[in-house]
Structure formats: structure tokens, C-alpha cells
Amino acid sequence: MSGKTELIQLLNEIQPILHPGEYVFVSSEYSLPLDFREIIASFKEEEGTTLILKKEKADALHLDYDYVASWITLNVHSSLEAVGLTAAVSNALAQEGISCNVVAAYYHDHIFVAQTEAKAAMQVLTTLMNTKRETP
């Protein structure tokens, strides 16, 4: 099932969901004792594999991290070919001084923001969704 590609429709339907908990980005060159279901996301880079994990799991494994994030899912099924959604979301957050890290997955886009900015980010995203726009 392919996702939506029309930017106006996507913005009108983003329905941000704030997940409970704290999340961290870690990097490892080695295999870690993790169940696949404990990994929120991963990406292999030249320097090592980046993992996004719950903070308590990273702490239990004594992994280093610098950034504690909140995880927001845009609950609209966006196509990987959609143009402009990531830019619109990151620009809206940037205008409020909120840094974000966006992960595009098969069904949804996921936004990681500093935990201290989660409430403000949700307000920005809700306002973005509720801004009236005409669909073509």
C-alpha cells in the first residue's frame, strides 16, 4: 500500500503522536546484546552503526550518548516519494528554535527533538496540522 504524496494533504493530516519515554542515539562498531525489538532505528555509517534506543536500555548497556530525545510520530502514511513534508516540519520547528532529527520509515516520518522541547514541538506540529489550506 503506497503512502500519500500530496504535501497539502500530508500537512493537513500529520496527527503528531508523542511517545512516552526518553530516547538516545548511540554509535557502536561492535555487535551489542540487543533484541531486534529493542532497537527503534538503526543506520550503518562508516564510523559505526547508529542506533536509536530507549535511554534506559542504553544505560543498562553502559553506552555513551550526548542527546536525550523525545520521539514524535507523524501519524499520516506518507510515501517515501513525498516531496516537502520533512522540509515543512523541520522549518516550522526551526522557526521556534527547536532542533529536530527526522527519520523516514516505510509508513511514517518520525521526529526526535530534545526532551526539554517535546511539549513545544507538539504545539508547533499541531498548529501546522490545523493551519487551514486548500487541497488542489
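Which residue with a positive phi follows helix 3? I looked this up first and found glycine 97, whose phi is near 75 degrees. I note that the model is a predicted one.

**Entry: the chain as a whole**

I listed the secondary structure and recorded four helices and seven strands. Along the sequence I read the pattern α-β-β-β-β-α-β-α-β-β-α. I then checked the radius of gyration, which is 16 Å; the globule rule gives 14 Å for 136 residues, and the two are close, so the chain is as compact as a globular protein of that length. Along the principal axes, the C-alpha atoms fill a box of roughly 50 × 35 × 25 Å.

I looked up burial and contacts next. Of the 136 residues, 33% are buried. Among contacts with a separation of 6 or more, 74% join residues 24 or more positions apart.

**Entry: surface and charge**

I recorded an accessible surface of about 8,400 Å² for the chain, with 52% of it belonging to carbon and sulfur atoms. I counted 9 positive and 18 negative charges, and their mean positions lie 8 Å apart.

**Entry: helix 3**

I asked which residues of helix 3 are buried, and found Leu85, Val89, Ala92 and Leu93. Seen down the helix axis, these buried residues fall within an arc of 95 degrees, so they line one face of helix 3. I then looked for what covers them: the cover includes helix 1 (7-12), strand 5, strand 6 (100-104), strand 7 (109-114) and helix 4 (118-130).

**Entry: serine 79, before helix 3**

I located serine 79 in the loop between strand 5 (68-74) and helix 3 (85-95). Is serine 79 buried or exposed? Its relative accessible area is 15%, and this is under the 20% cut-off, so I entered serine 79 as buried. Setting aside residues up to four places away in sequence, I found that serine 79 touches Gly3, Lys4 and Thr5.

**Entry: isoleucine 98, after helix 3**

I placed isoleucine 98 in the loop between helix 3 and strand 6. Isoleucine 98 has a relative accessible area of 5%, and I therefore entered it as buried, the cut-off being under 20%. What does isoleucine 98 contact, leaving aside its neighbours within four places in sequence? I found Leu93, Val113, Glu117, Ala120, Ala121 and Val124; of these, Leu93 is itself one of the buried residues of helix 3. I also looked up the separation of isoleucine 98 from lysine 119: they are 21 residues apart in sequence and 11 Å apart in space, C-alpha to C-alpha.

Conventions:
Residues are numbered from 1 along each chain as its sequence is written. This is a predicted model: local features need pLDDT of at least 70, side-chain atom pairs count only at pLDDT 80 or more; totals for chains, interfaces and linings use all residues. Side-chain values use heavy atoms; hydrogens and water are left out. Helices (H or I, at least four residues) and strands (E, at least two) are DSSP runs, numbered from the N terminus. Buried means under 20% relative accessible area, exposed over 50%, partly exposed in between (1.4 Å probe, protein chains only). Contact means heavy atoms within 4.5 Å. The arc is that of the directions from the helix axis to the C-beta atoms. The radius of gyration is taken over C-alpha atoms; the globule rule is 2.2 Å times the number of residues to the power 0.38. Accessible areas come from the Shrake-Rupley method with a 1.4 Å probe; for residues, only the protein chains shown count as cover. Lys and Arg count as positive and Asp and Glu as negative; His and the chain ends are not counted. The place of a charge is taken as NZ of Lys, CZ of Arg, CG of Asp or CD of Glu.
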